[in-house]
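Here's a quick walk through a few local features worth pulling up on screen. Keep the viewer open and follow along.

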Amino acid sequence: MQIKPGIETLAVHAGYPLDPGTDAVTPAIHLSTTFARQSDGSYQHPYDYIRCTNPGRDNLEKCLCELEGGEAAAAVASGSAAAASVFLALEPGAHVVAPRDAYCGTGLLLNTVFARWHLKSTFVDMTDLNQVEKAISIPNTQLVWLETPSNPLLKISDIAAIAQMAHQVGARCVCDNTWATPVLQRPLELGADLVTHSSTKYLGGHADAMGGVIVSKVKDEFFERIRQIQVGMGIGNAPFDAWLILRGIQTLPLRIKASSEAASYIAQFLSNHPKVKRVYYPGLAEHRGAELAARQMLYGGGMVSFQVGSREEAFQVAGKLQVFTSATSLGTVKSLVEIGALMESMQNLDTSSVEAVIPDDLLRLSVGIEDVKTLIWDLEQALS
């Protein structure tokens, strides 16, 4: 009898073949930039030049296809490169519908880099389906970009409903699944056409590798454009980064479960703390998107944001934390805190081009895998 392997099994085995030359259980890192030809000019293996193909990158792409349930994947140099590849694959003059609350780098790409190439963008509150419906009615809408849960306010968008709206006007629906990962949420099964990740975050999981990935539900002409961009522009994931990310994925389900459980306790603690003004976490019953999150996500995830009243208090609390590290990024085994007032300026962004309005008193937590009692103690002493 055969059974469908669970996500834990896929994370360990997908894209992880025995080394064909040695039967080593861990694949080798192939750093070679070029591969030898046969005497007739052909190649014995499907590899010719590092910009085009690499064994480790291929393994990572196969792994992400299995985890997300897609037919094709392209592993690239960063999450921003993944987003840019999708935008570059659109027709000139295309219209994109995107969320107001999202990673600020995505808004920067659309408002600056791609605006110069006549890509038109409309930013809406993706939790308001009326706004989405109005925006997609704009002529030449080719893409609806989702990010759920959103960064940093953890808004929950209805993937199935928005994908259906996009398809009604002949547009594609893309979901940035970085925060949820395929462990918590599978957008392709809910109707999305493509999924993107900053694999620097949860997929790698150890803050030691940079990458991004685009997974397509079908291997169609649009994905082939993305592949051409990956190869032609030389933005494929570097071999060592791809190897580290693939290694990190093996523990992804365990890490996500641990960080989600801890984040749930932390969100409850913060919601009852007198010095906390507001908590953003989809696992809380009072969260506006809690019911939707329960339908399309397995857990509430490992990210928690909260407000403390003022910019000054946010800096004071972050400065007093001893276990949480104040640093840009998320999804690593180590718990991190980021101050809302710094989220855009830390990346040297022109904040006038970013659609999201991030409260100055916001603190965003990326909950790692430390024991939750220690993390709550740390927050308690910092808030005191």
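What follows covers a helix pair, a tryptophan, two more helices and some unusual backbone geometry.

Keep in mind throughout that this is a predicted model.

**A helix pair**

Let's start with α5 (residues 129–136) and α6 (residues 159–168), whose axes come within 10 Å and cross at roughly 20 degrees. Angles under 35 degrees count as roughly parallel, so that label fits α5 and α6. As for handedness, α5 passes α6 in a right-handed crossing. Which residues make the contact? On the α5 side they are L129, V132, E133 and I136, and α6 brings A161, I162, M165 and A166. Sorted by type, the contact of α5 with α6 has 7 nonpolar residues, no polar ones and 1 charged.

**A tryptophan in β4**

Next, have a look at W145, which sits in strand β4 (residues 141–147). Is W145 buried or exposed? W145 has a relative accessible area of 1%, so it counts as buried. Leaving aside residues up to four places away in sequence, W145 touches A83, V86, F87, V97, A98, P99, T106, M126, V174, D176 and T196. There's also a backbone approach to check: the C-alpha atoms of W145 and V96 are 7.3 Å apart, although 49 residues separate them along the chain.

**Two helices, end to end**

Now for α2 and α13, where you can check helix length against the number of residues. At 1.5 Å a residue, the expected and modelled spans come out like this:

| Helix | Residues | Expected span | Span between end C-alpha atoms |
|---|---|---|---|
| α2 (residues 55–68) | 14 | 20 Å | 20 Å |
| α13 (residues 372–383) | 12 | 16 Å | 16 Å |

The expected and modelled values agree for α2, and they agree for α13 too.

How many of the 14 residues of α2 are buried? The count is 12, so α2 is mostly covered. Those buried residues take in P55, G56, R57, D58, N59 and L60, followed by E61, C63, L64, C65, L67 and E68.

Over in α13, the buried residues are L375, I376, D378, L379, Q381, A382 and L383. They pack against two helices, α10 (252–271) and α12 (311–320), and two strands, β9 (303–307) and β12 (362–366).

**Backbone oddities**

Finally, some backbone geometry. Most residues other than glycine have a negative phi, and most peptide bonds are trans. With that in mind, here are some spots that go the other way.

The loop between β4 and α6 is home to P149, and P152 is found in that loop as well. A cis peptide bond joins T148 to P149, with omega at about -5 degrees. Another cis bond links N151 and P152, this one with omega at about 10 degrees.

Then there are the positive phi values. D23 has a phi near 65 degrees, despite being a residue other than glycine. You'll find D23 in the loop between α1 (7–13) and α2. Its relative accessibility is 53%, so D23 counts as exposed.

T181 is also a residue other than glycine with a positive phi, near 65 degrees. The setting here is helix α7 (residues 181–184). At 0% relative accessibility, T181 counts as buried.

Key. Residues are numbered from 1 along each chain as its sequence is written. This is a predicted model: local features need pLDDT of at least 70, side-chain atom pairs count only at pLDDT 80 or more; totals for chains, interfaces and linings use all residues. Side-chain values use heavy atoms; hydrogens and water are left out. Axes are lines fitted to C-alpha atoms, for helices over the stretch in contact, and angles run from 0 to 180 degrees between N-to-C directions. Helices (H or I, at least four residues) and strands (E, at least two) are DSSP runs, numbered from the N terminus. Angles under 35 degrees count as roughly parallel, over 145 as roughly antiparallel, 65 to 115 as roughly perpendicular and the rest as oblique. A crossing is left-handed if the near helix is turned anticlockwise from the far one by less than a right angle, and right-handed if clockwise. Contact means heavy atoms within 4.5 Å. Ala, Val, Leu, Ile, Met, Phe, Trp, Tyr, Cys and Pro count as nonpolar, Asp, Glu, Lys and Arg as charged, and the others, Gly among them, as polar. Buried means under 20% relative accessible area, exposed over 50%, partly exposed in between (1.4 Å probe, protein chains only). The expected span of a helix is 1.5 Å times one less than its number of residues.
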